Amino acid sequence: MASKYCGYMGEFLDVDLSTGEIGAYEVTDGDREKFMGGKALATKILLDITAPGLDPYSEENPLIINTGPLTGSGAPCTSRFNVTTKSPLTGGLCNSNSGGNFGIHLKRAGYDGVIVRGRASSPVYLEINEDGVNIRDAAKFWGKNTEETQEALPKGTGKVVIGPAGENLVRYASLISQERAAGRAGAGAVMGSKNLKAIVASGGKKVPVARPEEFKKAVKGWIKILKEHPTTGEALPRFGTAGFVNKLSVGNTLPTRNFSAGSFEHAEEISGEALAEKHLEKNFGCVSCTIRCGRKVRVGGKVVKGPEFETVGMLGSNLANRDLGAICEWNRILDLLGYDTISAGGTIGFAMELNQRGLWDNGLEFGKTDGIKELLHDIAHRRGLGDELADGVKRLAEKYGGEEFAMHVKGLEMAAYEPRGSVGMGLGYAIGSRGACHLDGGYLVFLERLGPLNIDPYETSSKPALAVMQMNMLDAISASGNCLFTSYASIPAAAHNIQPYGAAAKMISKSMGSLHLVLDHMGKLPTSVLAFHVFSFLPHTTVISRLTGMNMTLGNFIAVGERAVNMARLYNLREGITASEDKLPKRCTHELQDPGNPRSRVKLEKMLKKYYRVRGWNSKGEPGRAKLRMLGLEEYSA
Amino acid sequence: MKAGNVAMSNVTVRYYATLRNCTGREEDSLAAARVRDVIAFVKKHYGGGADRILRHCSVFVNSSNVTFLDGAGTRLKDGDQVHIFPPLGGG
């Protein structure tokens, strides 16, 4: 169904691999106004088209891959596509977002998204172009790694593929497009369960623009902001994401030895600085990206994608591994095999601690790198010890014990921030819809530890409201088809001119800690109070409005994000994931990270109660009728 | 040694990211009474380039961000490590 709005191609494919039927799914313009695209829209579709309680590997569990209006529009950092399904790792919502070239090519083929249902009787891949869709035999690709597969598929197409890990149902298998991953929560395993090895897309269609000249002008202004900003214009291009390692280690927030500590004595050796000095060949970006945070390093004589911060943390300090060369190599192996580096590091780290405590004699030891490379292959092929590790931390804890130091939430392994050094991040892990994800829970560590001006990382009063604000904003950006890293430029460059060690910074920091006095009540206000744009803060709203022709004011934009969070919550509740799962391992809530610092644990209960209240949810963490009505989601009211 | 009424301490200052590119070294040892003495030392020794970067830098004494201590006035003691971080991005 064509859309009256530009920015969209107006078609959403619906493919059933069991029957071979190829149809269209109807997305209305009302849906586009409310959910925009990406994660927000796909979560709504997942809720609408599935029955409760599905086995994630059943034919009925769909894999939804879609874009946002900005994807492929020519705006900066807009190569993104989103993957949504029921997670085999958590049993709840799986949303994973990626760069690469697939999203842009899908739109060039004339589609905003594709729903894949059913299961093919033998390995297949989907070929999508302007003339339609073909289901092709993929027997010759099965067993190949993600690079071999992409090289063997038709040239000139956008590709998204799985590797052996997805084929073998590793519960945290990813999808790979070029060298970018939709990494978290196991969408790759769902794709593998459908015998779907890859999707390729190609075409020559252009994304329609409502007000081309004004759009071009806004894009130009946005690029200028990103290029001149200290974070997106200098820090990320120069040091990539791994630039965080040293600062987090100094601030006791770098997961070390399965999150038993927040500081790694060899952090310097695995830092962004060391990566830049010893391994970096060049930096790179996704198509349309001006930030270019990607690193190219040399592994085995070949120049390949280097590790991101999360990978360095989880395969480095979390395993007490000081060998950055090994991290680069393991990162490469995991990308080729197609599974999540964060969950891999979390699971191996947990297995190491189980061994150390005598709960599971598995031969894995902190700091010992021998045999890890082989183990990574064994996980992907579910061989021996690898077969058990392929199921993740939660299932290992069910078998071997150690629940109090099993570092997962809802089944998803924690990302690379030690929450006892950043308690707002701890709240984010507990409330994230896909589990202990850094991006799903508002990413407060940036405000607490990493940004130019910080809020007390141990303070709890302001964190619930800040989490709400950040989650809404990040989910809206994600729904638009834009990279979340553009949000770094929302912190005005001018804020970087305030000396963080000066008196003004201290005062601002204190004031930020009191923001909740206002933000606590923001959710009660209608979106019409923010019926304007602030280009220097969120250029997204201006650019989306000029692209689509929608009236995407700041208020409407944030409401899209808020709907995404509420729909994700409704999906998880429907699947039996209730407030009792909004929790952290006891290590985070009951053990002090620093015995000399009584604040160095996550006081979760206190923050959770307030978080539900600020969200407009009841004490059981369920979205209330009034909130759903306010968001135009009353049909989802229980 | 004393600066005013405050005793000087032997501390180490560590540089990161773009600041390290500017200083050309990872760390220096110096005598300083407060964080502001360390900042002054870096400005003096590494010139305008360092000065420009320093305006944007977070400063930690050991594991504590000085924003939550006494900022530039934070007192130092023997053996303290002062870490200076330019703005970062990642995730």
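## Two loop residues with positive phi

A320(A) is found in a loop of chain A, in the stretch that runs between α11 (309-315) and α12 (324-337). In this model, which is predicted, A320(A) has a positive phi of about 55° although it is not a glycine. That sign deserves attention because most residues other than glycine have a negative phi. A320(A) has a relative accessible area of 10%, and it is therefore buried, since the term applies under 20%.

N195(A) also belongs to a loop of chain A, here the one between α6 (187-193) and β12 (196-201). The phi of N195(A) is near 60°, which is a positive value in a residue other than glycine. With a relative accessibility of 17%, N195(A) counts as buried.

## The largest nonpolar core

The largest nonpolar core has 200 residues, and those with the most contacts inside it are I65(A), I199(A), F244(A), Y339(A), L389(A), Y417(A) and Y443(A). Helix α19 of chain A, which covers residues 463-480, gives the most to this core, contributing ten residues.

Which residues does Y339(A) contact, leaving aside its neighbours within four places in sequence? The partners of Y339(A) include A165(A), V170(A), Y172(A), A173(A) and S174(A), and also L334(A) and A344(A). L376(A), I379(A) and A380(A) are likewise in contact with Y339(A).

## A second core

Separate from the core described above, there is a second core of 24 residues, and among its members are V11(B), L30(B), V35(B) and A72(B).

Conventions
Residues are numbered from 1 along each chain as its sequence is written. Chains are lettered from A and ligands numbered from 1 in the order in which they are written. This is a predicted model: local features need pLDDT of at least 70, side-chain atom pairs count only at pLDDT 80 or more; totals for chains, interfaces and linings use all residues. Side-chain values use heavy atoms; hydrogens and water are left out. A nonpolar core is a set of buried Ala, Val, Leu, Ile, Met, Phe, Trp, Tyr and Cys residues joined through side-chain atoms within 4.5 Å. Buried means under 20% relative accessible area, exposed over 50%, partly exposed in between (1.4 Å probe, protein chains only). Helices (H or I, at least four residues) and strands (E, at least two) are DSSP runs, numbered from the N terminus. Contact means heavy atoms within 4.5 Å.
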